[in-house]
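Colleague: I would like to learn how to read a few features of a model with some care. Could we begin with the polar contacts of a side chain?

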Amino acid sequence: MLKETAASASPAPEDELVLVARAQAGDAQAFNELVTRYRTRAYAMIYNMVRNEQDAWDLAQDGFLKAWKSIGRFRGQSSFFTWLYRILMNVTIDWVRKRQIEGGTEFDDTQALQAVEPGALTAPRAELPPADRLSDKEIRERIDASIQRLSAEHRTAIVLREIEGLEYQEIADVMDCSIGTVMSRLFYARKKLQTMLKDVYETL
Amino acid sequence: MKPFEERYTAWIDGALKGEELQRFEEELSQHPEAVEDRKAVHQLGRLLRDFGSAPPLRNPDFFNHQLLARIEAEQAPARREKVESAHAGWSFGRWAWLGGAACVAGMVFVLSSTLLPKAGGASAPYMAQIVNARAADSGVWVTALHSDADDVTVLWIDGLDYLPASYQLQ
């Protein structure tokens, strides 16, 4: 479940609708109140995707600014956070894709998947040498590096499921794809992360 | 039947139920390593949740401040354009309107100078009616007032802001 509201599909609560209506009329202070409510959650979600504080800050700013510009299109059929969430995710996914192309490190899923047979139930041997006991900081750095090696689609699926705790349907709504596609992406994202982090989680 | 990856993911997440679960577990019975793998995926999930979560947002109030400054900066050019257009005298609409009003004024003056006798007291309202009926701009209305004693006909044109200096009564 999207944790900010009772259910992602339920309409926005009344006081929130008042703030949204004021923001739609051009009241920046009303929008500021909405930002205050959701900035922590928004930042965390974006950080989980990009694994860098400054990038997460900038993208959260960009996402909220985009939400301000398009707030007239919010109709209250879902919670405001669900609507905001989708905007933030789209901004972040676009950034991830662009970064991978510009950096020449576009993650070629077809290449990586050759090492992972659909029927393979155990993760292939770890690419990295076995880790000695790692510090918390080192563990976080390993996680950051591993997630950054995932494609935008696999990264989104695994972050939304394992860290954000969303259900399949919610992930499908955010990613605008079918539940089957979500589950398939989760399968391969998990396999890749298992390959990269096996030595870490096995020693904990 | 759903692809293997989808069923496997659902099985790992405990989302397979009933007959579907039974059938899949029969299929997995050929792969004893599957149970070990599910355990590994759960360990991975715990690792990501325990160590992969985001740090707190630093300077949250500054976050809002910076965002509001960006919103203000975005709105400033739009506000400037609005103010400029409100004070601008010569938008296209204004020119078109002026042209229509000028036509009406021109008709009035032509009629007054060529078609009507000099003393046209009784005919002044009639002239106003002609002009009003033929005016290109419905926002312009002409009223004619005549004074026999002063031998003067006044044409009162409503809705006309500007009259070119070259137009003169005869």
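Modeller: A polar contact is a pair of N or O atoms within 3.5 Å; within protein, one must be able to donate a hydrogen and the other to accept it, and residues adjacent in sequence count only if both atoms are side-chain atoms. Here the side chain of A:Arg51 reaches the backbone oxygen of A:Asn48 at 3.3 Å, and a polar atom of that A:Arg51 side chain lies 2.9 Å from the backbone oxygen of B:Gly52. This is a predicted model, in which local features need pLDDT of at least 70 and side-chain atom pairs count only at pLDDT 80 or more, whereas totals for chains, interfaces and linings use all residues. Residues are numbered from 1 along each chain as its sequence is written, chains are lettered from A and ligands numbered from 1 in the order in which they are written, and side-chain values use heavy atoms, with hydrogens and water left out.

Colleague: Does A:Arg51 count as buried or exposed?

Modeller: Buried means under 20% relative accessible area, exposed over 50%, and partly exposed in between, with a 1.4 Å probe and protein chains only. A:Arg51 has 6% relative accessibility and therefore counts as buried. Contact means heavy atoms within 4.5 Å, and, leaving aside neighbours within four places in sequence, A:Arg51 is in contact with A:Ile143, A:Asp144, A:Ile147, A:Gln148, A:Ile163, B:Phe51 and B:Gly52.

Colleague: How should one describe a pair of packed helices?

Modeller: Two packed helices are described by the angle between their axes and the distance between the axes. Helices (H or I, at least four residues) are DSSP runs numbered from the N terminus, and axes are lines fitted to C-alpha atoms, for helices over the stretch in contact, with angles running from 0 to 180 degrees between N-to-C directions. In this model, the axes of helix 9 (residues 179-202) of chain A and helix 3 (residues 33-51) of chain B come within 10 Å and cross at roughly 75°. Angles under 35 degrees count as roughly parallel, over 145 as roughly antiparallel, 65 to 115 as roughly perpendicular and the rest as oblique, so these two helices are roughly perpendicular to each other.

Colleague: Which residues of helix 9 of chain A meet helix 3 of chain B?

Modeller: A:Arg190, A:Lys191, A:Leu193, A:Gln194, A:Leu197, A:Val200 and A:Tyr201 meet B:Asp37, B:Ala40, B:Val41, B:Gln43, B:Leu44, B:Leu47 and B:Leu48.

Colleague: And what does A:Phe31 touch?

Modeller: Not counting residues up to four places away in sequence, A:Phe31 touches A:Ala23, A:Phe64, A:Ala67, A:Trp68, A:Ile71, A:Phe80, B:Leu67 and B:Ile71.
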